[in-house]
Amino acid sequence: MAQAKKIGVVGATFLVAGNMMGSGVFLLPSSLAKIGTASIWGWLVTTAGALLLAFVFAKLGKLAPKAGGPYAHARDWFGPYMGFQTNAVYWFANWIGNVAIPIAAVGYFSYFFPILSEPLPRCIAVLALVWALSFANVIGPSFVSKLQTVTTSFALVPILGIAIFGWFFFDPTIFKGAYNVSGESNFGAISSAAALTLWAFIGVESASVTAGVVENPEKNVARATLAGVFLAAIAYIASSSVIMGMVPNGDLQVSDAPFALAAANAVGGWGGALVSLCAFVGAAGSLGGWILLTAQSAKAASDDGLFPSIFSKTNKNDVPVKGVLIVAVLMTLAVLVTSTSKTASAQFDVITSAAVVLTLLPYIYSCVACYFVVERSHTLVHTGAFWLLTSVTVVYCLWAIFGSAGNIVQYAFLFVLFITVFYPFFSEERRRQRGQLPALDAAVRTTLS
C-alpha cells in the first residue's frame, strides 16, 4: 500500500491558522458587542493565554510528537483513564464546536440570500455544508490541507481588510460610547470577554493532534503552532478593535454578518458583498480541517482500545471514514437541536460556549503533561521555569472557565462525571488486547463466576 501523502510545514501552519480564523472571528464581534468595547481587554488577555498554550503545544510537538494531541499526552502521563476522559471530552467539544463553523458561514451568505436568516433555510444550508466537507475528508488529509490553504487566503481578506483599512472609517465616539454595556462590573465583563474570545483560538493544538499526518513532526508541529497563533492574534486584535468603532453597538449586537456590515457602512454594498463572500468561503473551508482534527483524535484513542474500534478503521488514504461519518451525523443532530435560535449569532453563542468549556480540560492536562516532558529532557533550572509557565497557563484556563456562563459550566461538569461510567468497557478491552489484565481483577472474576 502506498504511503499517504503528508502535510508540510506551510500546510500545517494554515491548518492551525485556518482552524482558528476560519470561524473564530467572523461572528464574535456580534457576541462581544453585548459586552462592549471593554472586551478588547479580554482579547489581550486571551491572546497572552493563547500564546502560552501555543508554546506548550509547540514544546510537546518538538519533544514528544504524538498523533492524537491532548488525548495522547494525557494517556502517556496520567494513565489510560485520564486518556479516555480527555479524548471523550475533547471529541465532544470538537464536534459540538464544529457546528459553529457552518453557522458562521451561512450567516455571512445570508447577505446575498436574506431568507437564510430564517431558522429552517439556515438549518438546511448548514447541514449541506456539514456533509459536503465531511465527504471532502474522505478523499484524504492532503486534499483537506490544500483546500484549507486556499480558503484561509479568502478568510484573510475581510479580517485583514477591516484591520488595515477600517481605521479610515473609525469613529472614536462610537468606540468609547459602548465601553461596558453588559451590566456587569468591569472585571466581570472582561472575564466574560476572555471566555468568549478563547473560542477564536480553539485550534491552537491542531498541528499537534494531526502530527501523524504532518511531515517531520518533531520540527514542523512546533513551527506551525507558533506561526499560526501569531498570525491569528495580530488579525484578531486589530480587526475587533476597529469594527467596534465602525458600527454602532446596537446594530452590531443583532448582526449575523458583522464584518460585512462594517464594510457596507464604510464603502457601500459592494464592500459588504465582497467581505461576505470571502468570509463564507473562509469559514466553510475551515470546517474541513476541524473534521480532520476530530477524526484523528478519535482514531488515536481507538487504536489504543480507549474508544470504539469503529473509529480506527481507515481507507487506503488512512482516513477513518466511519469516524468522519459518525461525526457528521452527530453534528447534524446538534444543528437540528439548536436550529430554533432566532439568529445565527444566538445559535453561535450557545454552541461556542459549550465547546470552549469542554476544550479547556484537555488543555489543562496537556499543560501538566508538558511539564513532565520537559523535566525528562531539561536541566533543573529550565524545569523550574517551565513549571511556573505551565502554572500560569493553567490559571488562565481556570479563569476562562470562571468567565463562562454558569449553566454551561454546570452541564460540562456533569458530563465529565457521567462519562466515567463508560470507562470499564474500554479499559477491559485495552487490557485484553495487551494481555495486561491485573491479577486482582482476574481473582475477582474467578470469585464472581
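## Exercises on pockets and cavities

The largest pocket of this predicted model has a volume of about 730 Å³.

**Exercise 1.** Describe the lining of the largest pocket, starting from the residues closest to its centre and ending with the classes of residue.

*Solution.* Begin at the centre: 30 residues line the largest pocket, and the closest to its centre are Asp-349, Val-350, Ser-353, Ala-354 and Ile-408. Next, turn to the elements, where two or more lining residues come from each of helix H5 (80–98), helix H10 (186–198), helix H16 (321–338), helix H17 (344–377) and helix H19 (406–418). Among these, H17 gives the most, with 9 residues. Finally, sort the lining by class, which yields 19 nonpolar, 8 polar and 3 charged residues.

**Exercise 2.** Work out which helices supply the lining of the second largest pocket, and how the residues of that lining divide by class.

*Solution.* The second largest pocket has a volume of about 240 Å³, and 15 residues line it, with Gly-161, Ile-162, Phe-165, Ala-263 and Val-275 lying nearest its centre. At least two lining residues come from each of helix H8 (141–165), helix H14 (258–267) and helix H15 (269–303), and the largest share, 5 residues, belongs to H8. When the residues of this lining are divided by class, 12 are nonpolar, 3 are polar and none is charged.

**Exercise 3.** Find how many cavities of 30 Å³ or more the model holds, and describe the lining of the largest cavity.

*Solution.* The count comes to 2 cavities of 30 Å³ or more. The largest cavity holds about 50 Å³ of space, and its lining is made up of Ala-33, Gly-36, Thr-37, Ile-174, Ala-178, Met-244, Val-247, Pro-248, Asn-249 and Leu-252. Sorting these residues by class gives 7 nonpolar and 3 polar, with no charged residue; Gly counts as polar in this sorting, so Gly-36 belongs with the polar residues.

**Exercise 4.** Identify the residues that line the second largest cavity, and decide which element contributes the largest share.

*Solution.* The second largest cavity has a volume of about 40 Å³, and the residues lining it are Ala-93, Asn-94, Gly-97, Asn-98, Trp-199, Ile-202, Trp-290, Ala-355 and Thr-359. The elements that give two or more residues to this lining are H5 and H17, and the largest share, 4 residues, comes from H5. By class, the lining of the second largest cavity has 5 nonpolar and 4 polar residues, and no charged ones. As a last step, look back at the largest pocket, to whose lining H5 and H17 also give two or more residues each.

How values were computed: Residues are numbered from 1 along each chain as its sequence is written. This is a predicted model: local features need pLDDT of at least 70, side-chain atom pairs count only at pLDDT 80 or more; totals for chains, interfaces and linings use all residues. Side-chain values use heavy atoms; hydrogens and water are left out. On a 1 Å grid over the protein atoms alone, a cavity is a set of points where a 1.4 Å probe fits but cannot get out, and a pocket is an open set with protein on both sides within 12 Å along at least five of seven lines; lining residues have an atom within 4 Å of a point. Grid points are joined across faces, edges and corners, and a volume is the space filled by probe spheres set on the points.
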